[in-house]
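Please open the model in a viewer and keep the sequence panel visible. The tour below proceeds by selections, each followed by an account of what is found there.

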Amino acid sequence: MLTACLEFLGLAICGSGSLLVVTACGMPMWKVSAFIGSYIVTAQNIWEGLWMNCVVQSTGQMQCKVHDSVLALTADVQTARALTVISAVLAVAALAVTVAGAQCTTCIKDEVMKARVVHAGGVIYIVSGLCVLVPICWMAHNIISGFRDPAVPAAQKREIGAAIYVGWAASGLLLLGGALLCCSFSQVVRGAYSIQYSPTKSIAVNGDFNKNHYV
């Protein structure tokens with residue numbers, strides 16, 4: 001029962017993390033324009049994403065433009081593109097693997113083998129979480145470094161966008177859910193290979209061993 005609960009909880013958390021990865025990947029708000037100064041005179045906001053840049057006017061009108069060339073992008077954006085897509089693909093693969101070995105399915109009959117399959121799904125989820133965590137942290141570090149660099153003009157300074165926070169949440173959920181799936185594996189193994197104790201020898205009332213134990 002505990003194993004099934006851990007699998008269901010881990011799978012639900014990982015599923016939520018997978019949806020957040022896809023959401024963060026498609027959001028254009030990785031870098032947003034920073035308002036610096038005592039008053040705001042700008043009439044537009046600039047959003048920079050992995051796939052497009054958007055300009056939001058003060059009237060609410062938004063115009064977006066897809067990146068023309070991949071090679072023209074910075075190294076952190078190219079890396080974030082690749083790793084977030086890899087993370088989403090790994091999350092889908094981990095979902096298929098975990099469902100195949102779950103306690104509620106009959107794809108695999110052997111309980112120990114089912115546990116190993118679920119454990120493999122948990123490991124894939126953890127790798128998926130690390131794949132999205134690396135570019136998120138790298139991008140955030142570059143944004144903060146550029147914001148604090150006095151050589152960067154104020155008009156070119158950027159702040160951390162909502163997509164990065166969504167990516168951090170997705171990474172945390174994938175790592176947590178993967179860890180729970182790995183814990184469910186240990187529960188099944190301990191149950192399958194429980195310690196077997198040999199029966200104790202019976203002792204007569206007078207304190208002597210039962211003669212049936214002698215050949």
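Two residues are in contact when heavy atoms of theirs lie within 4.5 Å. On that basis, residues 24 or more positions apart account for 66% of the contacts with a separation of 6 or more in the protein chain. The coordinates are those of a predicted model.

**The whole chain**

Begin with the complete chain, coloured by secondary structure. It comprises four helices and five strands, which follow one another along the sequence as α-β-β-β-β-α-α-β-α. The chain has 215 residues, of which 33% count as buried.

**The largest nonpolar core**

Next, display the side chains of Val 21, Trp 30, Leu 50, Tyr 125, Met 139 and Ile 164. These residues have the most contacts inside the largest nonpolar core, a set of 25 residues. At least two residues of this core come from each of helix 1 (2-26), helix 2, helix 3 (111-148) and helix 4 (162-192). Which helix gives the most to this core? Helix 3 does, with seven residues.

**Helix 2**

Select residues 75-101, which form helix 2. An expected span of 39 Å follows from its 27 residues at 1.5 Å a residue, and the end C-alpha atoms agree with it, being 39 Å apart. Colour the buried positions of this helix; among them are Asp 76, Ala 80, Arg 81, Thr 84, Ala 88, Ala 94 and Gly 101.

Centre the view on Ala 88. Beyond its neighbours within four places in sequence, Ala 88 is in contact with Val 21 and Val 22. Ser 18 lies 70 residues from Ala 88 in sequence, yet the two C-alpha atoms are 6.4 Å apart in space.

Now move to Cys 25, a residue of helix 1. Cys 25 counts as buried because its relative accessibility is 11%, under the 20% limit. With residues up to four places away in sequence set aside, Cys 25 touches Trp 30, Leu 50, Trp 51, Thr 84 and Val 85. Measure from the C-alpha atom of Cys 25 to that of Ala 80: the separation is 8.5 Å for two residues 55 positions apart along the chain.

**Arg 81, a buried charge**

Remain in helix 2 and select Arg 81. What is the nearest side chain of opposite charge to Arg 81? It is that of Asp 68, 9.5 Å away; Arg 81 is buried yet has no salt bridge. A polar atom of the Arg 81 side chain does, however, lie 2.7 Å from the backbone oxygen of Leu 50. Show the surroundings as well: apart from residues up to four places away in sequence, Arg 81 touches Leu 50, Trp 51, His 67, Val 70 and Leu 73.

**The salt bridges**

Side chains of opposite charge can pair when their charged atoms come close. How many salt bridges does a search of the whole structure find? There are three, and each may be selected in turn.

- Asp 76 and Lys 31: their side chains meet in a salt bridge, at 3.9 Å from N to O. This pair links distant parts of the chain, with Asp 76 in helix 2 and Lys 31 in strand 1 (residues 31-33), 45 residues apart. Both partners are buried.
- Glu 48 and Arg 158: the salt bridge between these side chains is 3.0 Å, N to O. Here too distant parts of the chain are linked, Glu 48 in strand 2 (residues 44-48) and Arg 158 in strand 5 (residues 158-160), 110 residues apart. Glu 48 is partly exposed because its relative accessible area is 21%, whereas Arg 158 is buried at 14%.
- Asp 68 and Lys 65: these side chains meet at 2.6 Å, N to O. Asp 68 counts as exposed at 70% relative accessibility, and Lys 65 as partly exposed at 48%.

**Around Arg 158**

Finish at Arg 158 in strand 5 and display its surroundings. Leaving aside neighbours within four places in sequence, Arg 158 is in contact with Lys 31, Val 32, Ser 33, Ala 34, Ile 46, Glu 48, Ile 143 and Phe 147. One of these contacts, Lys 31, is the salt-bridge partner of Asp 76.

Methods:
Residues numbered from 1 in each chain as written. Predicted model: local features only at pLDDT ≥ 70, side-chain atom pairs only at ≥ 80, totals over all residues. Heavy atoms only, no water. Salt bridge = Lys/Arg side-chain N within 4 Å of Asp/Glu carboxyl O. Buried < 20%, exposed > 50% of the residue type's maximum accessible area, 1.4 Å probe, protein only. Lys, Arg positive; Asp, Glu negative; His and termini not counted. Polar contact = N/O pair within 3.5 Å; in protein donor to acceptor, adjacent residues only side chain to side chain. Expected span 1.5 Å × (residues − 1). Core = buried A, V, L, I, M, F, W, Y, C linked by side-chain atoms within 4.5 Å.
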